[in-house]
Amino acid sequence: VTVDVPEVACNDMNWTGSLFTPTFAGNNSVTVDIFGSMTLILAMHNTYSGNLNFDAYTSGKTITMNGNTFATGGNMSFSGTGSGSWTMQDAFTTNGSIVLTSGTLNTNGQTVTMYGFNGNSGYPRTLNMGSSVFNISHTNGTGWYIPNSTNFTLNAGTSTINMTGNSGSNDFNGKNLTYYNLNIIGTASSCTLSDNNTFHDVVFNTTIDIQGTNSFHNATFNGAITINQNNSYNNLNVTGVGASASFSGHTQTVAGNFSATGTSGSHVNISSGTISKASGTVCVQFATLSSLHGSGGATFIADVNSSNNGGNTGWTFGGASTSITGTFTSCNTPITLTASTGTNYTFLWSDNSTNSTATFGSTGTYSVTVSNGSACSQVVSQAITVSALPTTSNAGSNHNACIGAGYVLSANTPVVGTG
């Protein structure tokens with residue numbers, strides 16, 4: 001079937017029972033309106049790149065892709081009147097956007113891969129996300145676009161939205177709704193997170209500008225994050241090479257744990273605002289702090305590997321560094337390693353021993369976790385080599401010699417054992 005007129009319509013589109021390898025084709029200037037269900041089959045050649053409009057007046061409509069992909073071109077639009085609804089039966093993939101204008105779309109725990117999602121409308125519309133994974137590859141604009149939440153019902157379930165755009169921007173316009181997991185994991189140069197939303201877990205790997213007042217259960221920031229309003233978290237983690245967080249003079253309130261962990265070669269940078277935590281201890285490691293205030297009643301510590309760039313209040317900087325000393329190579333003799341640090345520290349070696357020294361009898365890399373009981377800890381590792389004794393062999397059978405005579409004995413190169 002080739003659609004070669006501007007617009008056609010059908011009730012159900014069902015390719016079940018088609019013989020041979022049927023073709024569904026049409027360029028990006030055409031539109032197909034489907035007022036019922038759509039069922040594609042695996043043994044078909046789908047090159048259709050126009051728009052698909054799903055129009056429903058009753059519930060119970062289904063969409064079955066059977067491995068097909070709408071590879072290029074148009075959008076998939078859903079417009080339901082009254083009880084009009086659709087349920088996806090399997091994975092749905094399109095290189096266009098899904099547009100929900102009205103009606104109810106049930107993704108039914110299926111994986112939905114698309115260029116973008118557009119929920120901009122004032123009509124009653126519902127998106128039931130269930131346990132679905134949404135992969136959004138939008139570039140140079142807004143991949144999740146709900147500028148108007150009037151009459152919009154979002155049931156996030158336990159779904160995950162992955163923003164995977166790899167160029168330009170890939171923005172998220174959530175419009176004050178409750179979501180589950182959001183991962184901004186593409187290599188797009190930036191992302192703006194708009195409005196006042198609620199999230200379960202988020203992972204942000206790129207440059208993020210958080211505009212509104214959001215609530216996060218667990219937030220992991222691996223990129224360069226700018227936060228322009230007060231936000232709340234159960235747990236907040238800033239980590240990874242090049243990670244940074246600027247709070248722009250605002251307060252980030254953490255109920256559980258706040259951690260910021262860099263490396264010796266790449267500190268995380270935290271600046272320009274307040275971390276508020278009511279109790280317990282906050283410890284940051286390999287971090288550079290600038291104009292950062294600790295408040296709320298907790299104890300705030302920046303470890304010995306962290307830097308004070310000035311303007312910080314409520315923080316204690318310093319602590320003892322840790323090194324491992326000992327002889328790191330031996331021949332068939334166990335090696336004793338010693339962790340050297342400050343006073344009042346506890347030790348946990350990789351063999352679960354808890355003294356400042358530990359003995360190991362084989363080649364490997366061994367580590368010790370050193371803690372001062374205040375949530376600050378360091379992990380230090382050391383590689384050792386324990387070589388086995390060389391093996392020897394019998395020089396041969398015995399021989400008798402007269403007094404004054406001799407034999408020449410020849411030794412073969414020994415086989416050197418390795419630990």
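Here are some short exercises with worked solutions on a predicted model.

**Exercise 1. Work out which strands lie at the edges of the open sheet of 4 strands.**

Step 1: Start with the strand order, which is β38-β43-β42-β40, with mixed pairing.

Step 2: Look for strands that pair on one side only; these edge strands are β38 (329–331) and β40 (346–349).

Step 3: For the twist, neighbouring strands of this sheet are turned by 25° against each other on average, direction ignored.

Step 4: Now zoom in on one edge. β38 is joined to β43 (residues 377–387) by 3 bridges, and the two run parallel. Within this pairing, C331 stands opposite S387 in β43.

**Exercise 2. Trace the parallel pairings of β23 with β21 and with β25.**

A reminder before you begin: strands of a sheet pair through backbone hydrogen bonds, either parallel or antiparallel.

Step 1: Between β21 (residues 170–173) and β23 (residues 191–194) there are 2 bridges, in the parallel sense. Here N173 stands opposite S194 in β23.

Step 2: β23 also pairs with β25 (residues 208–210), in parallel over 3 bridges. In this case C191 has I208 of β25 as its bridge partner.

**Exercise 3. Classify the ring pairs Y48 with F70 and F199 with F216.**

Two quantities will do the job: a pair of aromatic rings is described by the distance of the centres and the angle of the planes.

Step 1: For Y48 and F70, the centres are 6.4 Å apart, and 85° lies between the planes. Planes over 60 degrees apart count as edge-to-face, so Y48 and F70 form an edge-to-face pair.

Step 2: Place these rings in the chain. Y48 is in the loop between β7 (45–46) and β8 (51–56), while F70 is in the loop between β9 (61–64) and β10 (76–80), 22 residues apart. Both Y48 and F70 are buried.

Step 3: For F199 and F216, the values are 5.6 Å centre to centre and 10° between the planes. Planes under 30 degrees apart count as stacked, so F199 and F216 are a stacked pair.

Step 4: This pair links β24 (residues 198–204), which holds F199, to β26 (residues 215–221), which holds F216, with their positions 17 residues apart. Both F199 and F216 are buried.

Step 5: Widen the view. F199 and F216 belong to one aromatic cluster, whose members also include W144, F172 and Y233.

**Exercise 4. Decide whether H138, N151, D195 and T333 are buried or partly exposed.**

Step 1: The cut-off needed is that buried means under 20% relative accessible area.

Step 2: H138 has 11%, so it is buried. This residue lies in the loop between β17 (133–136) and β18 (141–145), and its contacts include Y115, G165 and N170.

Step 3: D195 comes to 19% and therefore counts as buried. Its place is the loop between β23 and β24.

Step 4: N151, at 43%, is partly exposed; it sits in the loop between β18 and β19 (152–155).

Step 5: T333 reaches 42% and is also partly exposed. The loop between β38 and β39 (335–340) holds T333, and its C-alpha atom is 6.8 Å from that of G361, 28 residues away along the chain.

**Exercise 5. Find what sign phi has at N151 and at D195.**

Step 1: Recall the background: most residues other than glycine have a negative phi.

Step 2: N151 has a positive phi of about 65° although it is not a glycine.

Step 3: D195, not a glycine either, has a positive phi of about 80°.

Notes: Residues numbered from 1 in each chain as written. Predicted model: local features only at pLDDT ≥ 70, side-chain atom pairs only at ≥ 80, totals over all residues. Heavy atoms only, no water. Pairing = 2+ DSSP bridges. Axes fitted to C-alpha atoms, helices over the stretch in contact; angles between N-to-C directions. Buried < 20%, exposed > 50% of the residue type's maximum accessible area, 1.4 Å probe, protein only. Phe/Tyr/Trp six-rings, centres within 6.5 Å; stacked < 30°, edge-to-face > 60°. Contact = heavy atoms within 4.5 Å. Lists of a residue's contacts leave out its neighbours within four places in sequence.
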